[in-house]
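The exercises below ask you to read strands, helices, cores and contacts from a structure. Work through each task before turning to its solution.

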Amino acid sequence: MATQIPDDDPITSKSYALPYLIASVVLIGTLLWALWDENYAQRPWKAYQDEFVHRYSAFLKTAVSQSGKDQDRLKNSAEYKQLEADYNAAVATGDAQVKQIKKEAAEVDAHLAAVQAVFTDAKARMGADTYSVETGTFDQDNGRVDEKEHVKQVSDLNQDKQKPNYEVDYPGEKGKKYSYVQLEEKYNELRLEKADYVTRLAAAMKPQNEAKAKMDQYVTDRLTSLAPAQIQGIQQKYESWYPQIRQVNVLDTTGPIPGSLIVDRCESCHMGTREPLTLTAAAMTPSGQKPDQYSRAFVSHPSPELLQIHDPERFGCSPCHNGNGRATTSMEKAHGEYEHWLWPLYHTDRKRGNSGNIEAGCQTCHASDMFLATNSGVGATINEGKYMFQLRGCMGCHRYEGYDREPEELTAATQTIRQLEADIKDNTHQIEILRKKADDPNISNQEAEHYNQLAEALLITNSKNAGQIETLDLRSRSLLRDVKKIGPNLKEIRAKLNKNWIPVWIHKPTDFRPSTRMPNFRLNDDQVRSIAAYLWQTAIPDQVQHAPAGNAEHGRDLFMARGCMACHSVGEGSQMVGGPYANLTRVGEKVSYDYLVRWIKNPRQRLRPYCPYEKKDIGPEDYAKKGLAYVFDADHSKCPNDGHELQWQQTTIMPILRLSDQDAADIATFLMTEKTKDPASYADASFMDDPKLKETGKTWIRQFGCAGCHEISGFEDEGRIGTELTVEGSKPIERLDFALLTIPAQRGVEPFKDPGLKQLDASITDSNIILSRLPEGPAAGDWYTLKGFFEHKLAMPNIYDKGKIKGDMEKLRMPDPHLNPEQIRALVTFLLGSQETSLPDQYQYKPQDYRHDIQEGWWVVQKYGCMNCHQFTPGQKTVLMDLPQYKDSPEKLPPKLLTEGARVDPDWLLKFLNDPSLTGGKADNNRNGVRPYLDVRMPTFNLSPEELRKLVRFFQAMSRQPMPYIPQKPDVLTAKEVEMGRSLFSSQAAPCLKCHATGDAAHDKTATAPNFLLAKERLKPGWAERWIIDPQSISPGTAMPSGLFRDEKLPPVPPNTEPRDHWVFNGPLPPSFAGYTDDQTKLLVRYIFQLTPEEQRAVSSRMPKAAPAAGAKSSAVKRQAAGSSGAR
Amino acid sequence: MDWRQLWEVASTPDNIPIVALLPLVIFFTWLAWKQASANDELVAQLEGDPKLAQTHHRKTFPLKPGWSKEVHVWPFLLRVEFLAAIIVTIILMVWSITLNAPLEEPANPNLTMNPAKAPWYFLGLQEMLVYFDPWIAGVVMPTFIIIGLMVIPYIDTNPLGSGYYTWKQRKFAISTFFFGFVVLWVSMIIIGTFIRGPGWMWFWPGQTWDHNRLVYAVNRDLPDIFSITSNWAKILFGAIVVGGYYALGGLVVHSIFKRSNPKDYRRMSFVQYSTMMFLFLTMMGLPIKILLRLALNIKYVWVTPWFNI
């Protein structure tokens, strides 16, 4: 123990000054820190706003001087000087009158002001007095209590109004006395007078105001940016800027609880987003510096046209971009890039200069759209993603709302039919019982009637049910036509394939054909052998008819010309050209020639029809039993055994090209030469006949879900094996199985850098290939996100088996779709956007008007690959366009369909889509119906009525045409008009029949445009007139010349001030036209719409046989030869 | 050794108080111990020197002439308290500036967090849930804790050691509290914070908290080990074992207490003594149960349809 005892009392003598000093200083420091934290550290957007105001002011300074220079230049122009002179003249003319009116008005104003000052006061006092009289003798419970007193007060009040109590001091006349009534009159009188002066002044100043407006308009029309005055307005706004939260606050008016739906404060930092001037990162960087985070934050929204459709005041920012719109404390918080915000911002990939996953935001509301058409190109990624999901057959295993709806609908229809049939049976039984009860003599008449009524109601119900069954039958008939599979029908491999090739293919499809759509399943030898054996042994044993050999040279020409390459490709790697479907490079090694001929002739023809009711392939023996011919097609689609609808065609989207037998054989012969090795050189695969392998094969086929893409015996009703992806983007991260990669993913370890990937997939020769599939390169940090999961999954689907010990049946099943980084990026964008949104329904793009038809139509268009041949939206590329054989002869391309709905009669279109040869099913259909001069063939798709309807409505809606379309009958031509029309039609300056087909085989060889005889049924007259006036504006690049007619303006008919259009032929006119005041375009259209075959023949026969050279044409026609494409 | 995992656990804003708790508990225990031993020495000195004891007054120093026998609260006490208040204010302000409330995403009833942990001050209770059924761990034991704390003034008959730190004068009270608070309560909080990971599995510090971790563990009820199948037999068996624990344990503690604290024992009434004994044995039951579970994989000792112990 310390024995040293201090002299002074340690408690009273000890000083705490120093600890107090230190504590106080620290406390004050903390307080200051807290204040700073509160004002700046927790409000980083203030720094952004300061910086923005600083940089934007600098930018505006240069902009205003530039704009000022532009404005000065404009003001010095002769036109402006003229306008200015006009203005000065107008001012000079009206000046005296204006001055006079202004002077008088000023006097009235002064009087009015004097009266108003007194009157306002008087009126207020009178109002109060009146109120006290009204209520003074009034009791709220008992009404008027003293009627006499009340009458007296009222009369006092009225007398008071008559007394001259008020004095008004006019300028120059002080103290004029008025009573209240007089004052009120005077006041109203002066106001009327003032209104009168205002009207007169406006009338007097009208000429000069108009002249002034013209001057201003001249400048604003010609300035590329804003006028200096406007920019100065912006400058003023930011001169006195005080940092403040800028937010979009959208109130929820629909939900059960009123509140804010969207609160987005993004613009507190991103202040330039909606500025009227276009701001770039470079413009927002101080000179001499590199663009920093500020300059990137301040740029204008890159797609102002998107903002116009999606007004930020209604949509905010976060519904499209994600992120935490309410957060303001840091960039990470605001962008939602932290663990607990479930909707992190979508990014563009600045490093690679692509749109990253930013378009995922489109999908959240536009899930019902298959294709988003924009002029600016926004939407390309999401469109690609949605298309890839279909093209690569993802939907074979994964359900996704909207994709491949037919099988489900078919099942539902069948179930409903069964239910309705059972109902009918029940009801019939019930009716019998009710009738019996009614017949009972022991019951009263009333009761009997009641029973009869019930029975009758049930009868009606049965009749209704029968009607519904009929509708559903029709529907399933339609659906059976619409059902398509991604891969070929494997029931026919015995007739189709080189047996020894099959196991080679199944083992790893990309080894045989790197560009195939079939994914690699990482199968071992046993699996390959047993799967091949099952397929071989369960295939239909029928053989196809032997076909004679064809001419390979001619086949090659046809293959190039008929448009096969719009869908199919040839060549591999950099040599590959053609469409997105099957590559035919080594097709000669795998198929049997006879089957190929049959397939090219009619790809929809099956070896045997399939009956979904019996679940059986129906053979000739079934037909023979019923004494029926073995015929199955659209007209013979009922099962001979049970009368239900058959699947009578192949479930391929490949259409029928209507080739002759010889042409089909020629093409097939050519394709058989497409091989790199002899088909006979494949190793013998007789094990496929081993019945022991069959059962194992069945197990593996089920395990790998082969039936998602292929028709396979015994698997017709197999469901999808994958997980549904409709709302995959809102799956909690914990529900995605990263397995042993969970913690490496959180810590940013890139599994593809591991050379041990070979253990997961023996066929990987180089892990760099997998690594190079990642759209944004190896993970640079935490990839424990949906994006990270999807990207790695798509690059190598079984990566999440890494390090796991699993049996063959437990391993991840998803095959390797061998996608490139761009495709993965598109698919990831699509998946990220596949969300359940928290926004109310009206934000979902589910229109009910014509736009719904457009939505529906795109699904059909994309399903059948219509865009491989046709252009639907401006700027859209078709496959054919890029092929070398069309580079120099664009007139040989299929027509553009940009305004198809406005052009053609929907009824005709329906007919045409159903039968593009327009022969009405006649045998001679080896040609195009509208454009026989095109080598490319518009094929027959065997579309169901449902899809036909969707397509027709789609085209009508795309051109905003009303449905239904009621054609207008053109006025019948008089004899004189026929003569005049004919003279235009056959004019030497524009000989229509020189290019347009006539049906005469000799002429049509050189024809490059459709036959006029189709016009009446096919075209809409209004469109035809617009077309002959200016075809280039409807279909840029068409061979049809513009400038055939010129507009001779006619003087306006009052009260209109604009001159009238009057279209006159741009060439020599016969004298009969003298005095003809109607549009000559209308005349020509009427003539064409009433053209008869005889008339056409007559005109055509009179045409000079040796077609006049282009010289004759150019006399009247300015043919826009450059870049002409797409013959009309 | 997964340092990153350790850092993640220690640096979570939720766990900052517990990380602070570790040194603070040690420091204050040491401080109290230091003062207690100084006091104990003084007591010994004064007991041996009655003259000094007469003049001795405050604290550890004997009274000197000129020193006042009493000092005023103001300023001599309040100035120290106010200084402390300032320092605490500083700490709270710095804390609130630098660490935000650990808010997370909106609760999703379909996806609960794993591990789902109680606030740090309840982690001890949550840890108890591992060893007893919710009825015992969540209701009965907390009630006993509260009652136990409430009855301390009524069963503590020792007049010494009030108002100053001492060990020698209150050995039993201090060691009991020390065991109950530091050894049981604090350590259970620390287990709950640092040891319990996903699936409430036992992860040693530095072991990665892997959600995919699988462990094989079978816990059995004590009656099952003795192959008792009938429900009534189980109830009876459990009652005997638990009753036996209280009886035998009571005898052992009684013999020790009587020998080591004869004065206290003599001062206590039967009610006071039995209350203390019951609470003490109940407290000791907790570590015994923890041991049974962790070392011997015994789930429950007393299995009834209504509660399990």
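Two strands count as paired if DSSP finds at least two bridges between them. The model shown is a predicted one.

**Exercise 1. Sheet order**

Task: Work out the order of the strands β9, β10 and β11 in the open sheet of chain A.

Solution:
- Begin with β9(A) and strand β10 (residues 616-617) of chain A, which are joined by two bridges in the antiparallel sense. With at least two bridges as the requirement, these strands pair.
- One bridge here links A:C611 to A:K616, the latter in β10(A).
- β9(A) and β10(A) make a hairpin with four residues between them. In the turn, A:K615 has a positive phi of about 55°.
- Next take strand β11 (residues 647-649) of chain A, which pairs with β9(A) over two bridges, again antiparallel. A:Y610 stands opposite A:Q647 of β11(A).
- The order is therefore β10-β9-β11, since two strands pair if DSSP finds at least two bridges between them. On each edge is a strand that pairs on one side only, namely β10 and β11 of chain A.

**Exercise 2. Cover of a strand**

Task: How many of the residues of strand β9 (residues 605-611) of chain A are buried?

Solution:
- Apply the cut-off: a buried residue has 20 or more other C-beta atoms within 10 Å of its own.
- Of the seven residues in β9(A), six are buried, and the strand is mostly covered.

**Exercise 3. Helix length**

Task: Compare the expected span of helix α7 (residues 134-155) of chain B with the distance between its end C-alpha atoms.

Solution:
- The expected span is 1.5 Å times one less than the number of residues.
- For the 22 residues of α7(B), this gives 32 Å.
- The end C-alpha atoms lie 29 Å apart, which agrees with the expected span.
- Check the axis as well: α7(B) has a kink of about 30° at B:L149, shortly before the proline B:P153.
- Then look for buried positions in α7(B), which include B:I136, B:A137 and B:M141. The buried residues of this helix pack against α6 (123-128) of chain B.

**Exercise 4. Nonpolar cores**

Task: Which residues have the most contacts inside the largest nonpolar core?

Solution:
- The largest core has 59 residues, and A:A532, A:L535, A:L596 and A:A668 have the most contacts inside it.
- Trace the helices that supply at least two residues each: among them are α21 (525-538), α24 (593-601) and α26 (661-672) of chain A.
- Beyond its neighbours within four places in sequence, A:A668 contacts A:G550, A:G555, A:Y593, A:L596, A:V597 and A:I600.
- Another core, of 44 residues, lies apart from the largest one and includes A:L898, A:W908, A:M958 and A:Y1087.

**Exercise 5. An arginine in a helix**

Task: Is A:R903 buried or exposed?

Solution:
- Locate A:R903 in helix α34 (residues 900-903) of chain A.
- Count the other C-beta atoms within 10 Å: there are 24, so A:R903 is buried.
- List its contacts, leaving aside neighbours within four places in sequence: A:L1019, A:K1020 and A:W1023.
- A:R903 and A:W1023 are 120 residues apart along the chain, yet 5.5 Å separates their C-alpha atoms.

Conventions: Residues numbered from 1 in each chain as written. Chains lettered and ligands numbered in written order. Predicted model: local features only at pLDDT ≥ 70, side-chain atom pairs only at ≥ 80, totals over all residues. Buried ≥ 20, exposed ≤ 12 C-beta atoms within 10 Å, placed from the backbone. Bend = angle between axes of the 7 residues up to and from the residue. Contact = placed C-beta atoms within 7 Å. Core = buried A, V, L, I, M, F, W, Y, C linked by C-beta atoms within 7 Å.
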